[in-house]
Amino acid sequence: MTEEYNLVLSYRKHLEMKLDPMRYEHSLSVSYTCMNLAMRYGCDLKNAELAGLLHDCGKRYSDEIILKKCIKHKIPFTQEEQEAPAVLHANYGAWLAEHKYGIQDPEILSAILYHTTGKPAMTLLEKIVFIADYIEPRRYKAQNLPEARALAYQDLDETMYFILKGTLAYLGKKPEKIDPMTEKAYEYYEKLHNERFSETTFK
């Protein structure tokens, strides 16, 4: 336990030097929220803490610089991600987590990679990180935060649907392109939601 705690402390110190103060505080808050949700749903606490702490480790530069770093380090990204560059910090962050922070667990890396866009059929840890990033206590701009925060402790799949639906409605009003992965994630969780609603209605 002491070794794990010392590792977390070393990550925190490094992130505090690399990230701007608000981004660092956000990372701590997401990490704590991940651990809280992990206790609620029976997820590995250590993995939840590390994934939450490092989820934004790649968000240190402008979108343009992050794109250049992805190209430099041969980090895979799609044409759609290049056209919606705000999501690329997740690709770069997953690479940093593996190559700079020594994270080897593929589930942690995947949770970092998909914390912005989501994806269909997410693992428990992936859902926890995605949701924690949205509901953490320092967030205040997103719509319907009280509802999302309450729902997160009742049903993760319904929370995914709720957040993705609101996110797509918000992004639809902006000129930037929407990453197709977010649309696929929404379609997946919308289907789950509709199937559940239908089952409840006709029982």
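Let me start with the largest pocket, where the biggest share of the lining, eight residues, comes from helix α10. What we are looking at is a predicted model, so please keep that in mind for everything that follows. Helix α10 covers residues 156-171, and α2, α8 and α10 each supply at least two residues of that lining. In total 42 residues line the largest pocket, and those that lie nearest its centre are Y134, R139, T167, Y170 and L171. Its volume comes out at about 1600 Å³.

One of those central residues, R139, leads me to the salt bridges, of which the structure holds eight. R139 forms a salt bridge with D133, and the closest N and O atoms of this pair are 3.1 Å apart. If you look at how open the two partners are, R139 is partly exposed, with a relative accessible area of 34%, whereas D133, at 10% relative accessibility, counts as buried. There is also a network in which salt bridges with shared partners join K127, D155, D157 and R196.

The neighbour in sequence, R138, has a salt bridge too, and its partner is E25, with the closest N and O atoms 3.5 Å apart. R138 lies in the loop between α8 and α9, while E25 belongs to helix α2, which runs over residues 21-41, so this pair ties together parts of the chain that are 113 residues apart in sequence. Here R138 is exposed, with a relative accessible area of 51%, and E25 is partly exposed, at 31%.

Staying in helix α2 for a moment, I would like to point out S29, which has its place there. S29 counts as buried, because its relative accessibility is 9% and the cut-off for buried is under 20%. Which residues does S29 touch, not counting those up to four places away in sequence? They are E136, P137 and R138, and R138 is the residue we have just met as the salt-bridge partner of E25. By contrast, S29 and A185, which are 156 residues apart in sequence, have their C-alpha atoms 25 Å apart in space.

A further salt bridge joins R12 and E49, whose closest N and O atoms are 3.6 Å apart. This pair links distant parts of the chain, since R12 sits in helix α1, residues 2-18, and E49 in helix α3, with their positions 37 residues apart in sequence. Are R12 and E49 buried or exposed? Both of them are buried.

Helix α3 brings us to N47, which is found in this helix, over residues 45-54. N47 is buried, with a relative accessible area of 9%, and its side chain is joined to that of K46 by a polar contact of 3.4 Å. When we leave aside the neighbours within four places in sequence, N47 is in contact with D105, I108 and L125.

Two of those contacts, D105 and I108, take us to helix α7. At the start of α7, a side-chain oxygen of D105 reaches to within 2.8 Å of the backbone nitrogen of E107. Within α7 itself, I108, L109, S110, A111 and I112 are buried, and the buried residues of this helix pack against α3, α6 and α8.

That leaves helix α6, which I have kept until now as a small exercise in checking a helix. How far apart should the ends of α6, with its 12 residues, be? At 1.5 Å a residue, residues 88-99 should span 16 Å, and the end C-alpha atoms are 17 Å apart, which agrees. Of these 12 residues 10 are buried, so α6 is largely enclosed by the rest of the structure. The buried ones are L88, H89, A90, N91, Y92, G93, A94, W95, L96 and A97, and what covers them includes α3, α4, α5 and α7.

Finally, just a word about A86, which is placed in the loop between α5 and α6. This residue is partly exposed, with a relative accessible area of 47%. A86 and D63 are 23 residues apart in sequence, and their C-alpha atoms are 6.1 Å apart in space.

Key: Residues numbered from 1 in each chain as written. Predicted model: local features only at pLDDT ≥ 70, side-chain atom pairs only at ≥ 80, totals over all residues. Heavy atoms only, no water. Helix = DSSP H or I, 4+ residues; strand = E, 2+ residues; numbered from the N terminus. Buried < 20%, exposed > 50% of the residue type's maximum accessible area, 1.4 Å probe, protein only. Polar contact = N/O pair within 3.5 Å; in protein donor to acceptor, adjacent residues only side chain to side chain. Contact = heavy atoms within 4.5 Å. Expected span 1.5 Å × (residues − 1). Salt bridge = Lys/Arg side-chain N within 4 Å of Asp/Glu carboxyl O. 1 Å grid on protein atoms, 1.4 Å probe; cavity = no way out; pocket = protein on both sides within 12 Å on 5 of 7 lines; lining within 4 Å. Points joined across faces, edges and corners; volume = space filled by probe spheres on them.
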